[in-house]
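Student: Could you take me closely through the salt bridges of this structure, with attention to where the partners sit and how exposed they are?

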Amino acid sequence: YVVLGNILGLFSTLAADRLQRAFDTNRTVRDRIGTTVLGEVPVRRRRSERKLPIVSLLDGRSASPAMVGAFEAVRTNVDFRMRQAGADNIVVISVSREADKSMITAGLAFSMAHAGRHAVAIEADVREPSLATQLRVSPREGLGDVAAFGLDSLVVHGTKHPLLEVVPAGLPAGRAADVVISSLPGVIFSLSGEYTTLVVDG
């Protein structure tokens, strides 16, 4: 993360139900994988919930009190850790495909915005992008376009929350790693002065 600047990396595995089954206590998690559990997000067990973007479960008629409370707790803990680290930005990563890190990224970014932070979510998972969809934004121009045409092509898209915007993965432009390496540092540098917090779906 040094290359990208002052960024705080998080394990989105805090959302995985299998993590809770595999590790009995926070201490075990800390001992085995060297990180602290910042919260637990409920698994969306009902099919009707799994079909909804996460923002639908955090706001409006379909809002789930359990999901809202879980993301508020995660946001509070992340805020505390960010202040400790002197970090402004967050990268959400995962150790397994089942962890649904894009859902975690979207939910955390929405919760940050709901708490008054001017936030932008960046979809750096260009192999299997779903962040924009989780925020109810149709995938459009994004990192791929920046990789292909330069920073002048950067477009930040609004969401239904006035304090939350998103940079989608955008147009495929070569190998995923090359797209991220060539575009993400410049995008982060360009947006850091405009937003309180950047939340990157890594």
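Tutor: What follows goes through the salt bridges one pair after another. The model is a predicted one, and the count of salt bridges in it comes to 4.

One of them joins D79 and R117, whose closest N and O atoms are 2.6 Å apart. Because D79 belongs to helix α5 (residues 65–85) while R117 sits in the loop between α6 (101–114) and β3 (119–123), this pair ties together parts that are 38 residues apart in sequence. D79 has a relative accessible area of 13% and is therefore buried, and R117, at 17% relative accessibility, counts as buried too, the cut-off for that class being under 20%.

Another pair is formed by D125 and K101, with 2.8 Å between the closest N and O atoms. Here too distant parts of the chain are linked, since D125 lies in the loop between β3 and α7 (131–134) and K101 in helix α6, 24 residues apart. D125 is buried at a relative accessible area of 15%, and K101 counts as buried at 12%.

R175 and D178 also form a salt bridge, their closest N and O atoms being 3.0 Å apart. In this pair R175 is exposed, with a relative accessible area of 60%, whereas D178, at 37%, is partly exposed. Turning back to K101 and D125, these two residues belong with D201 to one network, joined by salt bridges that share partners.

Technical notes
Residues numbered from 1 in each chain as written. Predicted model: local features only at pLDDT ≥ 70, side-chain atom pairs only at ≥ 80, totals over all residues. Heavy atoms only, no water. Salt bridge = Lys/Arg side-chain N within 4 Å of Asp/Glu carboxyl O. Helix = DSSP H or I, 4+ residues; strand = E, 2+ residues; numbered from the N terminus. Buried < 20%, exposed > 50% of the residue type's maximum accessible area, 1.4 Å probe, protein only.
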